[in-house]
Amino acid sequence: MGSLGSRYWRLFGASATSNLADGIGRAALPLLAATFTRDPVLISGLYSLAFLPWLVFALPAGALVDRGDRRRAMVVANLARAGVIGVVAAAAGTGHASVPLLYAAVFTLGAAETVYDSAANALLPQLVSPGQLDRGNSWLVTAETVGQLFLGAPVGALLFAVAVAAPLAVNATGFALCALIMLTVPGSYRPSLAPTGSLRADMRDGLRWMLRHPLLRGLTVLFGFTAAFQAMSMSVLVLFALDVLQVGSRGYGLLLLAGGVGGLLGGLAAPYVGRLLGRTGTLSAVALCTPPAVVGMGLTSDAVSAFALFLVTACLVMIGNVLTMSLRQTLIPEELFGRVQGVWRTAVWGGIPVGGFAGGVLADATDVPTVFVVAGLGYLATGVAVTALLFRHRALTAAAAPAGG
């Protein structure tokens with residue numbers, strides 16, 4: 001396989017640090033919001049606003065990272081995130097935090113994340129060979145899972161129980177440290193064929209390329225629906241833990257930890273499962289097997305069962321995330337990656353705020369368990385369509401993954 005190289009491992013270290021900080025904040029912010037309100041619409045609104053920037057800024061962010069140094073973009077984005085969360089930490093520590101402040105903060109954090117993630121995803125193919133993408137993505141996704149859920153979530157919930165501002169201060173410090181680590185990565189990372197036209201023309205080029213690619217075009221649309229159904233349940237997860245399972249803030253952290261364990265297992269297993277079943281078979285299995293676990297969460301109030309189902313869900317989703325990322329990095333030309341990835345993220349991640357808000361409205365009209373059942377059934381419908389698309393274009397997938405697609 002060959003070594004991934006020192007530059008990759010510095011990227012890995014920065015990513016691990018950033019995701020640990022992000023995980024601490026993502027556990028603390030919903031808990032902080034829940035101290036002000038238990039209204040499911042307001043709580044889901046916080047989740048939706050965190051992802052709304054992908055609907056608004058993903059395309060221009062992708063065009064920007066195709067024009068400049070991708071490492072520098074990651075540094076600037078994380079310094080901005082450190083500043084924003086530092087303001088929230090100060091407000092929480094002095095008793096001046098509020099739901100409107102949290103809304104403004106998560107939207108701004110999400111806007112910076114569009115730049116950071118677009119640059120990071122575009123940078124990886126410049127650091128490793130095409131044959132190393134599955135392994136490189138596997139380690140990065142594993143770091144994301146460990147940081148955000150396995151370590152970050154329980155640490156964030158624990159620190160929140162000690163002092164409201166503590167997890168937010170740690171969050172800000174982690175973002176700043178990530179920026180410092182990225183500054184140590186040597187080299188320039190402008191794309192080999194940086195565009196010279198207008199930003200609008202650049203975005204149009206990315207959209208045109210995506211529309212002409214039958215497999216990625218179809219996956220973009222279907223994964224947008226999948227993301228919306230996932231978001232329906234995730235947007236009320238804190239209420240599921242506090243009000244349905246009745247496990248308290250520490251139990252909410254443990255629920256996220258269960259998801260982190262599942263994501264860790266999925267991230268590590270993805271390259272091996274992909275080689276065993278092929279990308280087509282693996283992605284189809286993920287699409288069809290994840291929805292029953294989501295439905296099952298809506299049908300139980302037993303904490304152990306819910307934790308186990310959430311672990312399985314996270315494991316399957318993470319396997320799918322690793323393999324679809326490698327598929328995109330293989331199929332999309334390097335000089336177009338930021339823009340085409342922007343189209344993908346606009347559609348896929350743009351579905352998250354829509355689904356998140358719908359989950360809150362549905363929970364308000366019915367109850368939280370109903371949201372999980374409805375989301376799982378919708379997820380199943382899109383899973384069937386994803387499987388049909390993958391098998392219809394399995395030659396494209398196989399060409400992108402000669403080891404087994």
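**Note on cysteines, nonpolar cores, aromatic pairs and helix H7**

1. Cys178 has a relative accessibility of 0% and therefore counts as buried. The model discussed here is a predicted one. Cys289 takes part in no disulfide, and the cysteine sulfur nearest to it, that of Cys315, is 11 Å away. Since a disulfide would require two cysteine sulfur atoms within 2.5 Å, Cys289 and Cys315 at 11 Å do not qualify. With 43% relative accessibility, Cys289 counts as partly exposed. Across the structure as a whole, the number of disulfides is zero.

2. The largest nonpolar core comprises 55 residues. Within this core, the residues with the most contacts are Ile85, Leu168, Leu237, Phe240, Val368 and Phe372. Helix H1 (residues 6-34) supplies the largest share of the core, namely eight residues. Another core, of 38 residues, lies apart from it and includes Ala287, Ile332, Val340 and Ile352.

3. The surroundings of Leu168 can be listed individually. When neighbours within four places in sequence are left aside, Leu168 is in contact with Ala28, Leu29 and Leu32, and also with Ile85, Val88, Ala89 and Ala92. Of these partners, Ile85 is itself named among the residues with the most contacts inside the largest core.

4. The aromatic pairs number eight. In one of them, Phe223 and Trp344 meet edge-to-face, with 5.6 Å from centre to centre and 65° between the planes. Phe223 belongs to helix H8 (residues 214-234) and Trp344 to helix H12 (residues 337-348), so this pair ties together parts that are 121 residues apart in sequence. Phe223 and Trp344 are both buried. Elsewhere, one aromatic cluster is formed by Tyr8, Trp9, Phe12 and Trp139.

5. Two arginines are placed over tryptophan rings. The ring of Trp344 has the charged end of Arg328 sitting over it, 4.2 Å from the ring centre. Trp344 is thus involved both with this charge and in the edge-to-face pair with Phe223. In the second case, the charged end of Arg345 sits over the ring of Trp54, 4.8 Å from its centre.

6. Helix H7 (residues 199-211) consists of 13 residues. The distance from its first C-alpha to its last is 19 Å, close to the 18 Å expected at 1.5 Å a residue. Its buried residues are Ala201, Asp202, Gly206 and Met210. These buried residues of H7 pack against helix H2 (40-65), H8 and H12. Helices H8 and H12 are also the ones that carry Phe223 and Trp344, respectively.

Methods
Residues are numbered from 1 along each chain as its sequence is written. This is a predicted model: local features need pLDDT of at least 70, side-chain atom pairs count only at pLDDT 80 or more; totals for chains, interfaces and linings use all residues. Side-chain values use heavy atoms; hydrogens and water are left out. Buried means under 20% relative accessible area, exposed over 50%, partly exposed in between (1.4 Å probe, protein chains only). A nonpolar core is a set of buried Ala, Val, Leu, Ile, Met, Phe, Trp, Tyr and Cys residues joined through side-chain atoms within 4.5 Å. Helices (H or I, at least four residues) and strands (E, at least two) are DSSP runs, numbered from the N terminus. Contact means heavy atoms within 4.5 Å. Rings of Phe, Tyr and Trp (its six-membered ring) pair if their centres lie within 6.5 Å; planes under 30 degrees apart count as stacked, over 60 as edge-to-face and the rest as tilted. A charge sits over a ring if NZ of Lys or CZ of Arg is within 6 Å of the ring centre and within 35 degrees of the ring normal. The expected span of a helix is 1.5 Å times one less than its number of residues.
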